[in-house]
Amino acid sequence: MQVLPDLVPDEPLVVFCGLAGAASTKHRDHYYETPGNSFYESLHLSGLSPRRLQPHEDHLVPELGLGLTDLVGHWDPRWVEIDDLAAKCERWQPEWLAFTSKGVAHEASRAMGRRGRPGLGVQDWYVGPAQVYVLPGVSGANQRHDYDGRPNRLSWWRDLAMICGA
């Protein structure tokens, strides 16, 4: 399993969290670098980034006051390193922890003993001091046409940007 180094500034407003250890065994050099992934486009179109970054520019995300990390998952037996993520959030003190898919949020909530699957948007639970926000999956494979009652993914990103004052 490959886990990328965290890219988090001092006092981040939002830390975006994906999942490391997913089914893909591909080597990755950068966050959200797979073809068709909408992370950087959504970051820009929501107003959280002044321009559309490319995956190889992921090191610039902390300059925006934002961070990138992964929840590390293991599949046999199935468990995620939620305590490590909570400890990082305690150290970083972000206002928001934004999971970049419902699936990642579900793995985290399940590990914390929460029942049910999280929906999109603001959640009533925290990881460390960070309130949780769930974004629609950014994978190119996520081509749904209904995102919890909304027509597109971007509206959820714009809500997060608005909450953050972007």
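## Salt bridges and a six-stranded sheet

Let's start with one pair: Arg-51 and Glu-57 make a salt bridge, with 2.7 Å between their closest N and O atoms. Arg-51 is partly exposed at 40% relative accessibility, while Glu-57, at 14%, is buried. Keep in mind that this is a predicted model.

In total, there are eight salt bridges. Here are three of them:

| Pair | N to O distance |
|---|---|
| Arg-28 and Asp-70 | 2.4 Å |
| Arg-51 and Glu-57 | 2.7 Å |
| Arg-114 and Asp-124 | 3.0 Å |

What does the Arg-28 and Asp-70 pair tie together? Arg-28 sits in the loop between β1 (14-20) and α1 (39-45), and Asp-70 belongs to strand β2, so the bridge links parts 42 residues apart in sequence. Asp-70 itself is buried, at 6% relative accessible area.

The Arg-114 and Asp-124 salt bridge joins the loop between α3 (102-111) and β5 to strand β5, so the parts it ties together are ten residues apart in sequence. Arg-114 is partly exposed at 34% relative accessibility, and Asp-124 is exposed at 62%. Elsewhere, Arg-78, Glu-107 and Arg-110 form one network through salt bridges that share partners.

Now for the sheet. It is open, with six strands in the order β3-β2-β1-β4-β6-β5 and mixed pairing. Strands β3 (78-80) and β5 (121-127) each have a single partner strand, so one side of each has no neighbour in the sheet. On average, neighbouring strands are turned by 30° against each other, direction ignored.

At the β3 edge, β2 (residues 66-75) pairs with β3 in the antiparallel sense over three bridges. His-74 has Trp-79 in β3 as its bridge partner.

Key:
Residues are numbered from 1 along each chain as its sequence is written. This is a predicted model: local features need pLDDT of at least 70, side-chain atom pairs count only at pLDDT 80 or more; totals for chains, interfaces and linings use all residues. Side-chain values use heavy atoms; hydrogens and water are left out. Two strands pair if DSSP finds at least two bridges between them. Helices (H or I, at least four residues) and strands (E, at least two) are DSSP runs, numbered from the N terminus. Axes are lines fitted to C-alpha atoms, for helices over the stretch in contact, and angles run from 0 to 180 degrees between N-to-C directions. A salt bridge is a side-chain nitrogen of Lys or Arg within 4 Å of a carboxyl oxygen of Asp or Glu. Buried means under 20% relative accessible area, exposed over 50%, partly exposed in between (1.4 Å probe, protein chains only).
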